Every structure is written in structure tokens, then in C-alpha cells.
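Me: I have a structure open here and would like to understand the labels people attach to it. Could you take me through them?

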Amino acid sequence: MDGLLQEIRLGGLVALDKGWQDDLGCDRTGSSLSYWCRRAKYSVVFRPEVGEALPAAANMALRMQEGSLLLVEEDVRLPQWLEAVAIPFASGELIDVVRSLEQDPLRYTAAHEAQQGALDDLPRADQMLESLFSYADSIAGGPVRPLGRSAVKVVLYGWFGAQNFGDDLLLELVHARVREHYPSAEVLVIGADPHQIRVQHGLEATEPHQKHRICEWLDGAAALIYCGGLMFDDPLGQTAGEAELAFDPWIDPAGQAAICSLARMYDVPTYFLGIGGGPMDTPAMQRYAKLMSAVGAHFLTRDQNTSDLLLAAGADPGQVGSYADLSFGAKRYVDRHVAFLDSEEAWRWLKAQGRPYLVVSLRSCHRNPPDLASRVAQALDGVCERRDMSVLYLPLDADDVGIQRQAFDLMEHKERAYLIGQRPTVETILGYISSSSATLSMRLHCSLLHMVLGRPAVGLNYNDKIEAQFTTIGQEGRLLSLDASAKDMSALLIDALDASESFADEVAGVMAQQQALVDAEFCELFAAIDKVVTKRSNSAITQSKTYCYPRSVSLTEQELGCARSEVQRLQAQVASLERERDAAVCEVAAVRASTSYRLGNIMVRPISALKRRLLRKG
């Protein structure tokens with residue numbers, strides 16, 4: 001392989017496995033293997049060593065579809081259709097095979113067309129389904145179901161599958177409302193952990209950097225929906241900021257802007273549904289928000305604070321509206337999906353205690369003061385001393401367990417507290433929240449759900465979104481700073497527990513208003529989806545498929561361009577040599593015409609004549 005690359009180079013576009021880097025002398029272009037593979041002229045598959053896996057046939061077919069010519073070492077077992085078109089080479093003959101293809105463009109073109117033809121001849125998924133349904137129809141004696149795509153396809157984007165309760169709850173809420181309005185809808189998810197999304201929510205999912213697949217999903221989608229508290233500065237502190245758009249953006253604001261741009265390319269309306277934001281202080285974050293607005297995103301924010309931040313960043317006022325957090329519409333969902341807790345160890349412990357209990361939900365955050373766990377422990381000890389209460393440490397994120405364990409270990413009244421050591425399921429968390437008397441929480445959706453279900457919440461304010469939501473409900477008096485004393489925490493908790501029975505009536509009016517705003521959010525979203533579906537169903541124009549990574553210039557044109565560049569380089573080199581020659585001739589002529597040259601010539605002639613005579617005599 002090293003010899004091939006040293007000899008041919010292939011225009012410098014070379015992608016190699018990272019494990020080869022210490023064994024090859026050639027320079028490698030780029031660091032992203034998948035990126036450069038999409039631009040490779042050749043894809044070479046070697047016979048695997050013992051214990052190594054051979055690339056899947058689908059992977060080889062993808063390389064061919066992206067334009068590569070597939071070369072496979074002899075004795076590699078391939079499917080029959082692929083073996084018929086793959087170009088074989090024997091061990092040690094790779095250089096000769098590639099050299100012959102490079103020197104014979106007609107042979108290369110014929111091989112490339114044969115491989116593309118084999119791809120075109122492969123059976124498609126719709127053909128297979130057609131056969132299956134035809135067979136089912138023949139058995140049933142009539143049509144079983146129509147063949148075709150679902151009437152509505154929506155794509156959801158968020159911090160889903162990362163074991164964060166708030167985001168997973170939002171996914172469930174949006175999914176439930178979409179399916180309620182469009183029973184046959186196809187719901188696809190862009191999230192943090194596709195495996196967890198499939199297992200926990202039963203939805204097909206991918207990660208934000210899988211742009212090729214996301215483009216397939218967006219092609220024909222009726223909406224791209226963002227939900228959660230995604231728009232804030234913190235992630236940019238761990239990235240290159242604005243430049244992230246030029247790299248491989250993931251779930252942070254750069255990734256959101258990139259997917260927004262792709263949605264615009266496919267004419268898919270984008271809605272930030274119940275989105276929360278802030279802080280948004282950095283220029284990079286503000287430019288991302290402005291970019292997303294410029295490509296048509298609509299921001300249905302959960303509070304006025306987020307709307308103000310977006311408008312200050314330059315978002316179009318016509319695309320920004322203030323509504324409510326989606327969890328304000330969660331009561332009906334909670335009633336239907338709350339888990340039966342009798343098999344839960346923590347629930348059996350709480351039942352054995354025979355007391356009301358207080359839910360504690362802390363989170364690990366870089367803004368936490370070093371003594372936060374100690375002050376929380378003291379505050380809870382104060383509550384236990386003054387009220388007949390139990391304490392349940394309920395982690396709403398996998399990362400919350402550590403700080404909750406610290407607070408638990410520092411309590412004097414550990415016998416009155418129970419620590420859950422791992423994040424429970426969404427349904428189990430809903431069960432614990434629905435039966436508690438109050439909460440001390442840093443997690444926003446723990447506080448909101450308590451209040452939605454008629455239980456007071458004491459919040460610890462670590463982010464703009466917390467203050468905005470407590471202010472919306474008129475509960476800013478129960479919001480404490482992270483530096484609040486244990487005495488103040490304990491006093492507010494006692495007050496909240498005393499108001500537990502009357503709290504639902506106290507906030508009933510506000511909750512009704514917020515519920516109406518959530519319904520209005522979904523109405524606006526569904527109106528946009530209906531408009532897209534109607535427009536597409538009435539359109540007789542079939543749009544051509546758009547590929548994520550098209551070659552705007554063919555390989556032949558690229559090679560011709562390289563050849564022309566080489567000709568220009570050689571012409572410039574010839575012109576330079578001619579100038580050097582002309583300069584040398586002029587210099588020789590000048591020397592010949594000089595007095596010193598003539599005098600030297602006169603002096604040398606007698607000596608040269610004497611030398612010739614002596615040589616003849618000798």
C-alpha cells in the first residue's frame with residue numbers, strides 16, 4: 001500500500017485506517033476517515049487477518065454509490081452480485097491493477113459503470129414490501145393494507161436518550177401529542193444515544209453528526225421539532241465556538257444550526273417547541289440563533305426571557321413567540337403513564353416509614369458552591385426535626401447520583417432518608433413525584449411537575465431558565481440562590497410543606513393559562529404540518545432526490561483539471577528555464593566583448609600554439 005501511494009498518489013486524497021499511521025511513509029490527507037471515504041476514487045478491501053472483521057457488503061455498496069471504484073483482494077468471500085463487479089487483485093499486484101486503470105481511462109469508466117449498474121439492479125425496499133403485501137393479499141383474499149409512506153413524517157431533535165429525565169419526558173410528551181393528532185405519523189429522533197431512545201421510547205433514532213441519514217429523514221418530512229433547554233452558552237465553552245459549523249457539529253448550538261440549515265435545504269419547517277434558552281451572552285451563541293432564524297426557524301419559547309434573548313441576538317420578531325414549557329400540559333400524560341411502584345425498593349421503604357415524604361433533586365453543575373451538599377443536608381435535618389417527614393433523594397439524571405450521595409452522607413438523620421442509586425425510568429419518576437408532598441429541586445422539570453400536580457416546590461437557582469419558570473407561576477418567593485443558607489432552605493421547605501394541601505388551588509388559574517399556551521403551541525405546529533402535507537399532496541411536481549455529499553464536479557473533470565494544472569506548472573517551468581538560458585547567453589556575449597577577455601585570449605594563443613607543437617613532436 002505504501003508503494004502504491006508513493007507512486008500514484010491519486011491527487012493526494014488518501015484516507016487510511018488510524019492503525020496504519022506508524023507503518024506508512026506517505027502523507028495522509030485529513031483526519032476524518034468517513035469524510036475522505038466519501039471522496040475516494042478507489043476503495044480497497046484486503047483479505048482480513050484471523051480475528052478481523054470484513055467490511056459489510058452494505059458498507060462496500062455505499063462506497064460504490066458514493067463514486068469509488070471497489071477493488072477487493074482475491075480469496076475475500078463476497079455476495080455473488082458484488083463479486084461479479086468488484087475488481088480483484090492478487091497479493092502484491094495492487095500497484096499494477098491501479099496503474100493499469102489510471103493509464104486506461106476507458107477501462108476505468110467501463111468498470112465504474114458496471115459497478116453502478118449492479119447497484120441500480122439491486123432490489124429496492126418498496127419492491128420487497130410490494131411482494132410481501134401481494135402475498136398477504138393472496139392469502140387474505142383481499143387487500144391487507146395499502147403500500148406507501150406514512151401521511152406525516154416528523155423529526156424530533158433534543159438531548160434525548162442521555163438519561164436526563166426532563167428531556168426524556170419532553171420526548172414522550174411531544175411523541176404522544178403528535179401521534180394523537182396524526183395516528184399514522186412516522187416519528188424519527190435525533191438525539192444523544194440512539195440505543196437508549198430505541199429501548200426506552202421505541203423510536204428510530206440517530207446522532208446529530210450522521211448527516212447522510214438525517215438528510216434521508218428530512219427528505220419528505222413535514223416538520224423538524226426541537227424541544228428542551230438547548231440554547232445556552234455552556235456547551236460552546238468546550239468547543240471551537242463559531243468555527244464548529246465547519247467541523248463535525250453534534251448536539252450543541254452549532255449542531256442545532258447545522259441541522260436547521262439542512263431542513264431549510266429540504267424545505268422542511270423548523271419549530272423550536274417550548275424551547276428554553278439562556279444565558280446567551282457569547283457572540284457565537286447569538287450568531288447561531290440569528291443564523292437559525294435566517295434559515296426560517298420558528299421559536300415558540302417557554303418564557304418571555306428566552307424570547308427577549310433571541311430577539312436581542314437578531315432573530316426575526318415574526319418568528320419568535322412566547323408560550324409555555326411543554327410539561328405544563330403533562331397532567332393527562334402522567335395520569336396515564338405513572339408507574340405501579342410496589343416492586344420498587346424505595347417505595348416499599350417509604351410505605352414502611354408511614355410518613356409523607358419530600359423529594360430532593362440536586363444536580364451536578366459547575367456553578368455549584370463547594371459546600372452546597374453540606375447546606376442541603378443541614379436544611380433537611382432541620383425539616384426532619386420540625387416535621388414528621390421522610391426524605392427521598394431522586395436522581396433525574398445519571399450524573400446527579402454523586403452530589404445526592406454527598407448530601408445523604410452528611411445528614412445526621414439518615415434514618416429518615418432514602419437514596420436511590422441510579423436514575424429510574426420516566427414512569428417510575430412520575431410515580432414518586434405524583435405521591436410526594438413537596439420538593440427541594442435544582443432540576444427544572446422536577447419543580448414544574450410538582451407544581452403541575454398541585455405540590456409546592458422550593459427551587460435552587462443555577463440558570464436563567466429556573467428563575468423564568470418560577471416567575472411565570474408566581475413562585476419566585478420559593479426560589480433560592482445556590483448560596484442560600486441552610487436556615488433559609490429549611491424555613492422555605494417548612495412553609496412549602498405547610499401549604500401542600502392548599503397549593504393546587506393557589507396556582508389553579510396560572511396552570512390553566514399555561515395549559516392553554518401549551519395547546520396553542522401544538523396548534524401552531526400542527527397547522528404548519530397540515531400546510532406542508534396539503535401543499536405536497538396537491539403538487540404534481542416530483543422533486544429529485546438530493547444527496548448530502550454530491551460531487552459537483554465529476555472525477556473526469558477533476559482529473560482534467562489536475563492535468564491542466566500540471567501542464568501550466570510545466571509551461572511555467574519551461575518559461576523560467578528559457579529566461580535563465582537567455583540570461584546566460586547574454587552574459588557570455590558580454591564576456592566575449594570585454595577588453596579583459598580579448599587580452600586574455602591574445603596571451604593564451606602563443607602558449608596554446610607552443611603546446612600543440614610539443615605534443616606533435618612527442
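What follows is a short exchange about those labels and the values behind them.

Reply: Happily! This is a predicted model, in which local features need pLDDT of at least 70 and side-chain atom pairs count only at pLDDT 80 or more, while totals for chains, interfaces and linings use all residues. Residues are numbered from 1 along each chain as its sequence is written, and side-chain values use heavy atoms, with hydrogens and water left out.

Me: What is the mean pLDDT of the protein?

Reply: The mean is 85, and 84% of the residues reach 70 or more; pLDDT is the predictor's confidence in each residue, from 0 to 100. Over residues 145-149 the value is below 50, and this stretch has seven contacts beyond near neighbours in sequence (a contact means heavy atoms within 4.5 Å). Residues 545-550 also stay under 50, with 11 contacts beyond four places in sequence.

Me: Why is S361 called buried?

Reply: Its relative accessible area is 0%, and buried means under 20%, exposed over 50%, and partly exposed in between, using a 1.4 Å probe and protein chains only. So S361 counts as buried. The residue sits in strand β11 (residues 357-361), and among the residues that S361 touches are L394, Q404, M442 and C446.

Me: What makes E216 partly exposed?

Reply: E216 has a relative accessible area of 42%, which lies between the two cut-offs, so "partly exposed" is the right label. E216 belongs to helix α10 (residues 211-218). Its C-alpha is 9.8 Å from that of Y266, although the two are 50 residues apart in sequence.

Me: How do you know that the span of α25 agrees with its number of residues?

Reply: The expected span is 1.5 Å times one less than the number of residues. For the 23 residues of α25 (residues 595-617) that gives 33 Å, and the end C-alpha atoms are 34 Å apart, so the two agree. There is still a kink of about 30° at V604, shortly before the proline P606; the bend at a residue is the angle between axes fitted to the seven residues ending there and the seven starting there.

Me: Why is α25 said to lie largely in the open?

Reply: Because the number of buried residues among its 23 is zero. For the protein, 46% of the 618 residues count as buried.

Me: How many helices and strands does the protein have?

Reply: There are 25 helices and 16 strands, taken as DSSP runs numbered from the N terminus (helices H or I, at least four residues; strands E, at least two).
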